[in-house]
Amino acid sequence: MDLLDRAPDNVRERLDPHGDLGPSAPFDNVFNVDGTPAEPIPVTDANADAMGLEWGYVLHDHGIEVIALTWYDAGPIVSWDTDPLSRISGTPLLWDSNRPAPIQAPATPLKITKPLAPAPAPARPRITR
């Protein structure tokens, strides 16, 4: 599923004004050095440190937990209704689970509006003879 699937039109317009992002596609041309097709590598608690990952994301019903793995084992929750145009700090030290996520709302907040109902079809002229 793409990030913008089912997003309201005005959200899509703000994030992708030219409509050129399009849907993502799986990589089908990635190979190991021996020529065999690459397989996805599951990330677990056991191998995350060895992989050098800096960030972890856990999807919850009420938002996404953002974990700065180099500093913490848990992180604050970013609500799903957070404006996607907000300024989000990339400083890992600020992502402590005991305080709010370091996010600053944009100067012009995103306004989510309900889609308008389609306009009624124009009346056809009545032809009389």
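**Leucine 53, a pocket and threonine 91**

Reader: Is leucine 53 buried, exposed or partly exposed?

Author: In this predicted model, leucine 53 has a relative accessible area of 32%, so it counts as partly exposed.

Reader: And where in the fold is leucine 53 found?

Author: Leucine 53 sits in the loop that runs between α1 (9–15) and β1 (55–60).

Reader: Which residues form a nonpolar patch on the surface with Leu53?

Author: Leu53 forms that patch together with Ile41, Val43 and Met51, and the four residues have about 340 Å² of accessible area together.

Reader: Which residues line the second largest pocket?

Author: Leu53 is one of them, and Val43, which also belongs to the surface patch, is in the lining as well. The others are Thr44, Asp45, Ala48, Asp49, Gly56, Tyr57, Ile67, Leu69, Tyr72 and Asp73.

Reader: How many of those lining residues are nonpolar, polar and charged?

Author: The lining of the second largest pocket divides into seven nonpolar, two polar and three charged residues, and the space within this pocket comes to about 270 Å³.

Reader: Changing topic, where is threonine 91?

Author: Threonine 91 lies in the loop between β4 (87–88) and β5 (103–104), and it counts as partly exposed because its relative accessibility is 40%. Measuring C-alpha to C-alpha, threonine 91 is 8.6 Å from alanine 68 in space, although the two are 23 residues apart in sequence.

Reader: Stepping back, how many helices and strands are there in the protein?

Author: The protein has one helix and five strands, in the order α-β-β-β-β-β from the N terminus on, and 20% of its 129 residues count as buried.

Conventions:
Residues are numbered from 1 along each chain as its sequence is written. This is a predicted model: local features need pLDDT of at least 70, side-chain atom pairs count only at pLDDT 80 or more; totals for chains, interfaces and linings use all residues. Side-chain values use heavy atoms; hydrogens and water are left out. Patches are made of residues with over 30% relative accessible area and no salt bridge: like charges are joined within 9 Å, nonpolar side chains (Val, Leu, Ile, Met, Phe, Trp, Tyr) within 5 Å. Accessible areas come from the Shrake-Rupley method with a 1.4 Å probe; for residues, only the protein chains shown count as cover. A salt bridge is a side-chain nitrogen of Lys or Arg within 4 Å of a carboxyl oxygen of Asp or Glu. Helices (H or I, at least four residues) and strands (E, at least two) are DSSP runs, numbered from the N terminus. Buried means under 20% relative accessible area, exposed over 50%, partly exposed in between (1.4 Å probe, protein chains only). On a 1 Å grid over the protein atoms alone, a cavity is a set of points where a 1.4 Å probe fits but cannot get out, and a pocket is an open set with protein on both sides within 12 Å along at least five of seven lines; lining residues have an atom within 4 Å of a point. Grid points are joined across faces, edges and corners, and a volume is the space filled by probe spheres set on the points. Ala, Val, Leu, Ile, Met, Phe, Trp, Tyr, Cys and Pro count as nonpolar, Asp, Glu, Lys and Arg as charged, and the others, Gly among them, as polar.
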